[in-house]
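Me: I am new to this structure and would like to understand how its descriptive words are justified. Could you take me through some of them?

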Amino acid sequence: MATASASPSLFLRSSSSCGGRTNIITLRSSHSRFPHLNRRHVKKSLTLTVSASVSVSNPELRAAPDDLVSSILSKVLETDGGVLLKSQEHKEVAELAQQLQNYCLNEPVKSPLIFGEWDVAYCSQPTSPGGGYRSAVGRLFFKTKQMTQVIEAPDIVRNKITFTALGFLDGEVSLKGKLKALDTEWIQVVFEAPELKLGSWEARYGGESQVKLRITYIDEKIRLGVGSRGSLFVFQRK
């Protein structure tokens with residue numbers, strides 16, 4: 001995580017447009033036959049009809065993004081953050097993420113949904129979250145147990161990787177950073193030097209680092225982000 005490399009379109013479809021026109025014609029005809037039916041009654045009836053149609057359609061509007069979210073989670077969970085996926089499977093995840101972008105909130109950076117505790121469920125580049133600990137060589141010595149990110153209001157980010165070293169020694173690497181919104185989609189996080197805990201031993205090493213990430217989708221379950229170097233991240237809310 002320390003080295004991370006970088007308007008919904010809703011379509012309402014009338015269930016019976018012809019029926020809608022018939023109702024309007026009928027109401028106008030009734031108005032001409034019965035002068036006591038004024039325009040207020042006609043307008044009220046039409047409003048009720050339209051409201052009912054929208055209410056019935058609303059579950060369908062959420063079906064597409066919900067299905068996409070379920071599909072992308074089914075592909076990335078239990079894959080060691082994406083390490084176990086093959087090339088074709090990475091492409092399938094990327095395609096699902098591309099489709100979900102169409103349902104992203106306007107100005108996701110300003111949404112309170114970004115706050116909370118997240119699991120780093122997937123990254124298209126395994127070394128982006130965790131650096132050398134997640135490299136091919138690093139994974140021989142460090143078995144990742146969990147990768148998490150906590151975003152606290154108003155601007156605190158805490159990243160943590162917990163692992164087992166050499167098969168028996170528990171350890172973790174944590175970073176604390178400050179979040180800054182660059183625009184309505186892009187954020188920048190400047191991290192302090194990482195802290196390493198290995199058994200009872202603790203130390204800080206290195207220096208400050210920073211990442212930039214574009215939020216491409218967010219809801220109550222997941223958050224998608226693309227780093228400045230093109231890495232795709234899938235965060236699942238804990």
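What follows is a short exchange about burial, aromatic pairs and a charge over a ring.

Reply: Please keep in mind that this is a predicted model, in which local features need pLDDT of at least 70, side-chain atom pairs count only at pLDDT 80 or more, and totals for chains, interfaces and linings use all residues. Residues are numbered from 1 along each chain as its sequence is written, and side-chain values use heavy atoms, with hydrogens and water left out.

Me: Why is F163 called buried?

Reply: Buried means under 20% relative accessible area, exposed over 50%, and partly exposed in between, with a 1.4 Å probe and protein chains only. F163 has 1% relative accessibility, so F163 counts as buried.

Me: Why does F142 count as partly exposed?

Reply: The relative accessibility of F142 is 24%, which lies between the two cut-offs, and therefore F142 is partly exposed.

Me: What makes F142 and F163 an edge-to-face aromatic pair?

Reply: Rings of Phe, Tyr and Trp (its six-membered ring) pair if their centres lie within 6.5 Å, and planes under 30 degrees apart count as stacked, over 60 as edge-to-face and the rest as tilted. The rings of F142 and F163 are 5.1 Å apart centre to centre, with 85° between the planes, so the pair is edge-to-face.

Me: How do you know that the charged end of R223 sits over the ring of F235?

Reply: A charge sits over a ring if NZ of Lys or CZ of Arg is within 6 Å of the ring centre and within 35 degrees of the ring normal. The charged end of R223 is 4.0 Å from the centre of the F235 ring and is listed as sitting over that ring; R223 also sits over the ring of W118, 4.8 Å from its centre.
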